[in-house]
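Let's walk through this protein together, from its overall build to its interior and then out to its surface. Take a moment to look at the model first.

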Amino acid sequence: GVGERAALAAAAAWLFNPFTVTVSTRGSCESLVSTLMLTVLHCLSRGRVVPAAAVYGVATHLRVYPVIYALPIVLFLGGGGGYVNPRGISISAGAFRGTRGGTRAASHGGEGGT
């Protein structure tokens with residue numbers, strides 16, 4: 001690929017472009033959200049899940065459409081990426097239901113609710 005120095009220079013030229021800054025501050029932050037989503041992909045490709053989650057949270061805070069990438073991210077994390085096991089995903093999904101893993105965690109010896 002491209003060297004780190006060249007990639008940094010290209011990213012800085014795009015991010016600090018006056019046109020990009022003007023468009024981003026006047027209500028359309030598509031370029032910023034795109035940069036954040038690319039950062040999420042970069043972090044995930046390097047196995048850095050926590051920073052990816054933080055950046056993804058900021059991206060979805062700015063615009064709601066990055067939510068459509070939630071399923072592919074979860075499938076990537078649990079589908080052979082080696083970063084999170086599927087049982088961990090089911091326990092995390094249980095948090096959205098207001099339980100501690102639901103019956104699935106209980107069937108695996110965990111402390112399940114419901």
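We begin with the overall fold and then turn to the core and a surface patch.

This is a predicted model, where local features need pLDDT of at least 70, side-chain atom pairs count only at pLDDT 80 or more, and totals for chains, interfaces and linings use all residues. Residues are numbered from 1 along each chain as its sequence is written, and side-chain values use heavy atoms, with hydrogens and water left out.

The protein has seven helices and zero strands; helices here are DSSP runs of H or I with at least four residues, strands are E runs of at least two, and both are numbered from the N terminus. Of its 114 residues, 20% are buried, meaning under 20% relative accessible area (exposed is over 50%, partly exposed in between; 1.4 Å probe, protein chains only).

Now look inside. The largest nonpolar core has 12 residues, among them Val 33, Val 40, Ala 52 and Ile 73. Such a core is a set of buried Ala, Val, Leu, Ile, Met, Phe, Trp, Tyr and Cys residues joined through side-chain atoms within 4.5 Å. Helix H3 (30-45), helix H4 (49-62) and helix H5 (70-78) each supply at least two of these residues, and H3 gives the largest share, six. Leaving aside residues up to four places away in sequence, Ala 52 touches Val 40, Cys 43 and Leu 44, where contact means heavy atoms within 4.5 Å.

Finally, find Phe 16 in the loop between helix H1 (4-15) and helix H2 (18-25). Phe 16 is exposed, with a relative accessible area of 66%.
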